[in-house]
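Open the model in your viewer and keep the selection tool at hand. The stops below say what to select and what is there.

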Amino acid sequence: MISETIRRVNGYEKDAYTYYPVIIVGAGASGIAMACQLKQQLGFDQFRVFDRQAGIGGTWWINRYPGVACDVPAVFYSFSFAQNPNWSSFHPPGREFVRYYHEVCDKYKITDKFELNTDIEACRWLDDEQLWEVTLRRMVSGMGDLSSKDRIKIVQEKGEHAVYSETEIVKAKVVVSCVGGLVEPRGWPDEIKGIENFKGKMFHSARWDDTVDLTDKNVVVVGTGCSSAQLVPRLPNAPYNAKSVTQLMRSPPWVVPAPAGPGGDEWWEKNGPKLMRNVPGLMNLLRFLVFAGTEANFLKLFPNTPYAQKQRDIYEAETLSYMRKHLPEKYWEIMTPDYGVGCKRRIFDKRWLKSLNDTKIDLTTQPLSRVTERGVVIGPGATYPPNAKEEDYPEKEVPADVIILANGFDTTRWLHPLIVIGKGGKDLVQVMADRGGAQAYQGTAMDGFPNFMMIFGPNTATGHSSVVMASENMVNYSLNFIRLLLHGEASTVDVKHEAEVRYTTEMQTALKDTVWQSGCASWYYTADGWNSTVYPFTQVDFWRRCAFPKWRDWNIEYTNKGVAKMRLRRAMRGLAVLLAVSGMWRLRKSGLGIKDVIELLRGILHARVVDVRRFGEAIRNVVLG
């Protein structure tokens, strides 16, 4: 029984505060999973989930651009403990995921545990109290849905009261960061001048502006990642009806056909939900088959092995054939990548390539040079193909009424803008930087930051699988240690320094022997080449590491209660061994051998089988009269 509760401390004194046993930062998939498992596995609900955004759902709450959808089959991109038979399609739209997360919260009765429009600004470890001091900033409704850059701009122009309504200092025994990687959209490139003179509208795809009417407008889209591949095909058509769409690309992605649902997308949309609801085991079987397929694809595409190189060559040839089948010939050269497939995230295509046949859409690799009042200037030259001659691509101005940034997120700035100060006043992000780049043991913990866990931390993203499954594994891993803290068996837990360094060295060394080192420019890497994003092995391997913790890698400060329980467990194990040895000795002394024991067990089993048969015959006689 866990006695920890949320409570007020020190009444109405100046140093009064609210104490939370567990604070979860972030209301996306990882935060929801942690909240559900605290309740399911520990029977514990004395926690709070704080999120600056106005709703539950994380990246799916905030990304509302046209065509936003999951490119991983939903049966695999959902919680193992709350599977959903009612997905409308194999790759459902974003709004469906928001509804799903709300339903999960309802099922586990945790909706009241979320405090939205609340930014956690900083966490500071108090060594004398062995607690985290957490600074909460309540926000004016809707401000949390803006990027941190936009909030800073509003504060500078209108003052803090325009963004923040209240500041509160609370304390917590455990802090779990579930801050996702796709949170802070990249801003306008500083090197591109003239944006301050632009007379039209500009916004990021992750902060879609519904107030902007695109009808008969000239639209420029910056970027050719997964988001842009989903939104660009929609823009020339109703209800958006853009006059023209110019898409700027630096280098081509590998574009592969999205896997269709069983029987094809149309058949699955019509019949899939009914089958999933009514055929026992089908949902689990399909989930396993998708998982097995993704793991097989990892071994085919990502390692630098002769087998994987051969499979990549085959896959690349098939992918190029798919591209040429659906694209006008004028794009073939600039859409042929010069790096290995998988080096950066693939685009699982449903509409993008076909949409590039539309005369309203133009794709170019001429670089963005500057912005004018009514357009953008691109060129001279081109960023791709590598042998492009500047004289073949003269500078030109493209008319623009709206500029949409689809240039990704600040994925290498982990925890940003959250500040975490651990033992000795050390800043977590700075500690990571001093060691070479963003890192964490098991993607979950850093030494010197007790009782602080990260879900979906550095080097836990996958290039082939479901991040939801990875997050669940980290949640279950973290609960091994959180359980000790909440049961009062330990006062602090943190990973050992040498274990963290050894783990990070293993990750970075392994990454050098993968396709991610094949020479592409990717959001997986920082400018100096540090890969803090992807995990270099299979998800089966990651599950293994999470399922079987290396306790010797952790500093655990046990309480008297914890020491007593540990001694009791050791005594019970010792007693079990003693009884087993004693039993074997008595068996040997009685003259019985192993063969005799086997025969005895076989006889017992045979008797049970006979009993079951007799019972079945009796039931049949009753039924048949």
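Start with the contact between domain 1 and domain 2, where about 4,500 Å² is buried; carbon and sulfur atoms give 59% of that area. Buried area here is the accessible area (1.4 Å probe) that two parts lose on being put together, summed over both. This is a predicted model, in which local features need pLDDT of at least 70 and side-chain atom pairs count only at pLDDT 80 or more, while totals for chains, interfaces and linings use all residues. Residues are numbered from 1 along each chain as its sequence is written, and side-chain values use heavy atoms, with hydrogens and water left out.

**Stop 1: the domains**

Colour residues 7–184 + 411–558 as domain 1, 185–409 as domain 2 and 564–620 as domain 3. These bounds come from an automatic or database domain assignment. The C-alpha centres of domain 1 and domain 2 are 28 Å apart. Domain 1 gives 57 residues to the contact and domain 2 gives 51, where contact means heavy atoms within 4.5 Å.

Next, select aspartate 71 and arginine 345, whose side chains meet in a salt bridge at 2.6 Å, N to O. A salt bridge is a side-chain nitrogen of Lys or Arg within 4 Å of a carboxyl oxygen of Asp or Glu. Across the interface of domain 1 and domain 2, the rule finds one salt bridge.

**Stop 2: helix 13**

Select residues 539–547, which form helix 13. Helices (H or I, at least four residues) and strands (E, at least two) are DSSP runs, numbered from the N terminus. Which residues of helix 13 are buried? They are Gln539, Asp541, Phe542, Arg545 and Cys546. Buried means under 20% relative accessible area, exposed over 50%, and partly exposed in between (1.4 Å probe, protein chains only). The buried residues lie on the same side of helix 13, because they cover an arc of only 155° around the axis. That arc is taken from the directions from the helix axis to the C-beta atoms. Now show helix 7 (282–301), helix 11 (467–486) and helix 12 (497–511), which are among what covers these residues.

**Stop 3: threonine 533**

Go to the loop between helix 12 and helix 13 and select threonine 533. Threonine 533 is buried, at 3% relative accessible area. Leaving aside neighbours within four places in sequence, its contacts are Trp414, Asn459, Thr460, Ala461, Trp523 and Tyr524.

**Stop 4: more salt bridges**

How many salt bridges does the rule count? The count comes to 20.

Select arginine 138 and glutamate 115, a salt bridge of 2.6 Å, N to O. Arginine 138 is in strand 6 (residues 131–139) and glutamate 115 in strand 4 (residues 114–115), 23 residues apart. Arginine 138 is buried, with a relative accessible area of 15%. Add Arg48 and Glu168 to the selection to see a network of salt bridges that links them with Glu115 and Arg138.

Move to lysine 350 and aspartate 265, whose closest N and O atoms are 2.7 Å apart in a salt bridge. Lysine 350 lies in the loop between strand 12 (347–349) and helix 9 (352–355), and aspartate 265 in helix 6 (residues 265–278), so the pair ties together parts 85 residues apart in sequence. Lysine 350 is partly exposed at 35% relative accessible area, and aspartate 265 is partly exposed at 26%.

Finish with the salt bridge of glutamate 489 and lysine 565, where the closest N and O atoms are 3.2 Å apart. Glutamate 489 is buried at 7% relative accessible area, whereas lysine 565 is partly exposed at 34%.
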